[in-house]
Amino acid sequence: MAQTRVLPRELHVPEEKIGKPALHPGSSDFIVVSNRLPVDRTSTEDSDAGWRRSPGGLVTALAPVMATRDGAWVGWHGAADGELEPFHHEGMDLIPVPLSADEVELYYEGFSNASLWPLYHDVIAPPEFHRTWWDAYRTVNRRFAAAAAGAAAPNATVWVQDYQLQLVPRYLRQLRPDLRIGFFNHIPFPPPEIFAQLPWRREIISGLLEADLIGFQRPSDSANFLRSARRFVGAGVKAAQVQIKDLDGKVVHISRAAPFPISIDVAKIQELAVRPDVIARSKQIREDLGNPETILLGVDRLDYTKGITHRLKAYGELLTDGAITVEDAALIQVASPSRERVESYRLLRDEVDGMVGRINGQFDTTSNTAIRYLHHSYPVEEMVALYLASDVMLVTSLRDGMNLVAKEYVAARGNNTGALVLSEFTGAADQLKSALLVNPHDIDGLKTAIMRAVRLSPGESSRRMRAMRRQVLAHDVQRWSEEFLSTLAMEAEPQ
Ligand code: G6P
C-alpha cells in the first residue's frame, strides 16, 4: 500500500529564491532541458560567435519534434561567465543558462562529475561529497528550472535530461504545476546500497519524483530507482508507479519509472558509411597503418568508466604472448579529451599515456606501431571511416549507461563483416546479444574474446552482425524519443 511521503523541508523553495525567469515569452509547447545546449561554438571570439549543431543523436531525434511543436532547448553554452540572449539556430530556439566560473567548478566539475558520476558508475572512482558542491547544484538546478518555466506555454511538455539536473522536475513543478514533465537519465542508476552513500539522497529522489515519467536505460536502472524511492523517501511503489501523497494521505501526484534504451541516428551513420569520400578515407586509414591483416578499434571519451586501461593491459599481454604481432595487427585507440580539470580524469590520462608509451616502446618497429593512440575528438565522418576501417571493435566499459559507439559500429557495417567485443556492463549489451560479451575485469577472458574476434570465421561474423544490425536498424533514436514522449503524453493529465 502507498505510504505518506513527507518532503524534505529544504525542497520547498520560496519563489523569490528561484532566480531570474527566462526572457522568453512562454510560448513553447515542447522544451528540452539539458546541461549542454545542442550546439558548439565555432569561434572563440564573443563578438564573432557562430554555432554548429553538436553531433549527438539526442539533437537529431528532437530537432524535428522541436520544429513541429514550437520547441525550445534550455542549456548551458559551455563557457563560464558568459550571459547570452536566447537565439535561434537551425529551426530551434535556444535558451542559454549562464554558469559562473565558480559554478562550473562546484556544480559541473564538482557535484555532477566528482560526486554523482562516480557514485552512479559503481564507485569505480571514489565519489567526493562536499556541501559547497551540493549548494551550487541546487542553485544551478533552480536556474535551469526557472528558464524552462519562463519559456513554457500553458500545459507544455518539458523533457529534462540527465544526472546534472535531477532537481529540475521539483523546482519546475513548484513554478509551473500545469506542465507535463519527463526526465531521462542517460547514465546508470545505482543500487540503493551504493546510492545510500549520498548525503542528499532523499532530496535527489524527491526531485526526480516530481516528473510524470522518469526514463532509464536498463530495466535494472529503473528497478534500482524504485527501490531507492521506497527506501529513502518511503514512497508507495506499485509496479512501476510511484504515488506521492500529501500529509493527509491524499494522492497529489503519480510518477512512473520505466526503461527506454536510447539509440543512435541510424540513417546518418548508414548514409555516411556508403559515401565514397568516407569509404576512401577508411582505405587510407588502413594503408597509413601498413595494411595489417587486422585493425582493432577503441573509441571512448577518456573516462575511467570506459575500461581503457583493462583493454590496454589485455592487448599488451597478447603482444607479449606473441598471440598478436605488430606486423599482423594494429589497435587504434581514440580517447577524446573530457572533464580535464577533474582530478580523476587527470590521473587517468597519465595512466593511459604511460601504458601506451610502454607498450609502443616495447613493441613498435620503425615501420609498425602497436597502438595508434589519438587523444582528440573527431567529426562523425572520420568516426564512420574508422568504423569501416576496423575489423574488431572493442567496448570494454566497467559501467556504461548505454554506449552508443557499439551501436554506431554495428550501423556502419553494411556488409555484415566485423566483430564487436562488448562489455556486459553496458546498457548496449541488453540489446546486442550477438556481440562477443565480456567481463572486462577478467583480463584472461578479455584476451580470449579479443583473439576470438580476430579469428572469427566470415560465417560466424556475418551471422552475429546480421542479428545485431536487425536490432539497431529497427530501434533508432527517433523511435526512442517517440516512445518516451508518447508514454509521457499518456501519463496523468497535468493538474
Ligand atoms: C555522458 C553524459 C552526458 C554528457 C556527456 C559528455 O554521455 O551522460 O550528459 O554530456 O557524457 O560529458 P560532458 O561533461 O562533456 O558534458
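Is L226 buried or exposed, and what is its relative accessibility? L226 counts as buried, at 11% relative accessibility. The close-up views below are taken from a predicted model.

**Figure 1. Surroundings of L226 in helix α7.** The view is centred on L226, a residue of helix α7, which spans residues 219-233. Because its relative accessibility of 11% falls under the 20% limit, L226 is classed as buried. S100 serves as a distant reference point: the C-alpha atoms of L226 and S100 are 35 Å apart in space, and the two residues are 126 apart in sequence.

**Figure 2. The ligand and the residues of its shell.** Eleven labels may be placed here, for R36, Y108, N113, W117, D162, Y163, Q164, H186, I187, R301 and R339, which surround the ligand. By class, the shell divides into 4 nonpolar, 3 polar and 4 charged residues. Helix α2, residues 101-120, provides the largest share of this shell, with 3 residues.

**Figure 3. Polar contacts between the ligand and the side chains of R36, Y108 and R339.** In the side chain of Y108, an N or O atom is 2.5 Å from an oxygen atom of the ligand. For R36, the distance from a side-chain N or O atom to a ligand oxygen is 2.7 Å. For R339, a side-chain N or O atom lies 2.8 Å from an oxygen atom of the ligand. The ligand taken alone exposes 380 Å², and 70% of that area is buried by the protein.

**Figure 4. The second largest pocket.** The space in this pocket amounts to about 590 Å³. Its lining consists of 31 residues, of which R286, D391, R413, T417 and G418 are the closest to the pocket centre. Three elements, α9 (276-288), α15 (443-455) and α16 (458-474), each give two or more residues to the lining. The lining residues divide into 14 nonpolar, 10 polar and 7 charged. Rolling a probe the size of a water molecule over the atoms shows where empty space is left.

**Figure 5. N416 and T417 in the loop between α13 and β17.** The loop shown lies between α13 (404-412) and β17 (419-423), and N416 belongs to it. T417 is found in this loop as well, and T417 is also among the residues closest to the centre of the second largest pocket. What is the sign of phi at N416? Phi of N416 is positive, near 60°, although N416 is a residue other than glycine. Most residues other than glycine have a negative phi. N416 counts as buried because its relative accessibility of 12% is under 20%. T417, in contrast, is partly exposed, since its relative accessibility of 31% lies between the limits of 20% and 50%. The C-alpha atoms of T417 and F260 are separated by 28 Å, with their positions 157 residues apart along the chain.

**Figure 6. A239 in the loop between β10 and β11.** A239 lies between strand β10 (236-238) and strand β11 (241-245). The phi of A239 is positive, about 50°, although A239 is not a glycine. Is A239 buried or exposed? A239 counts as exposed, because its relative accessibility of 75% is over the 50% limit.

**Figure 7. Y171 in helix α4 and its position relative to R142.** Y171 is placed in helix α4, which covers residues 168-175. With a relative accessibility of 0%, Y171 is counted as buried. Although Y171 and R142 are 29 residues apart along the chain, 6.1 Å separates their C-alpha atoms.

**Figure 8. S27 in the segment before β1, with D70.** S27 is found in the segment that precedes strand β1 (28-36). How far apart are the C-alpha atoms of S27 and D70? The separation is 7.6 Å, for two residues that are 43 apart along the chain. S27 is partly exposed, because its relative accessible area of 34% lies between 20% and 50%.

How values were computed:
Residues numbered from 1 in each chain as written. Predicted model: local features only at pLDDT ≥ 70, side-chain atom pairs only at ≥ 80, totals over all residues. Heavy atoms only, no water. Near = heavy atom within 4 Å. Polar contact = N/O pair within 3.5 Å; in protein donor to acceptor, adjacent residues only side chain to side chain. Areas by Shrake-Rupley, 256 points an atom, 1.4 Å probe, with all protein chains shown as cover. Helix = DSSP H or I, 4+ residues; strand = E, 2+ residues; numbered from the N terminus. Nonpolar A, V, L, I, M, F, W, Y, C, P; charged D, E, K, R; others polar. 1 Å grid on protein atoms, 1.4 Å probe; cavity = no way out; pocket = protein on both sides within 12 Å on 5 of 7 lines; lining within 4 Å. Points joined across faces, edges and corners; volume = space filled by probe spheres on them. Buried < 20%, exposed > 50% of the residue type's maximum accessible area, 1.4 Å probe, protein only.
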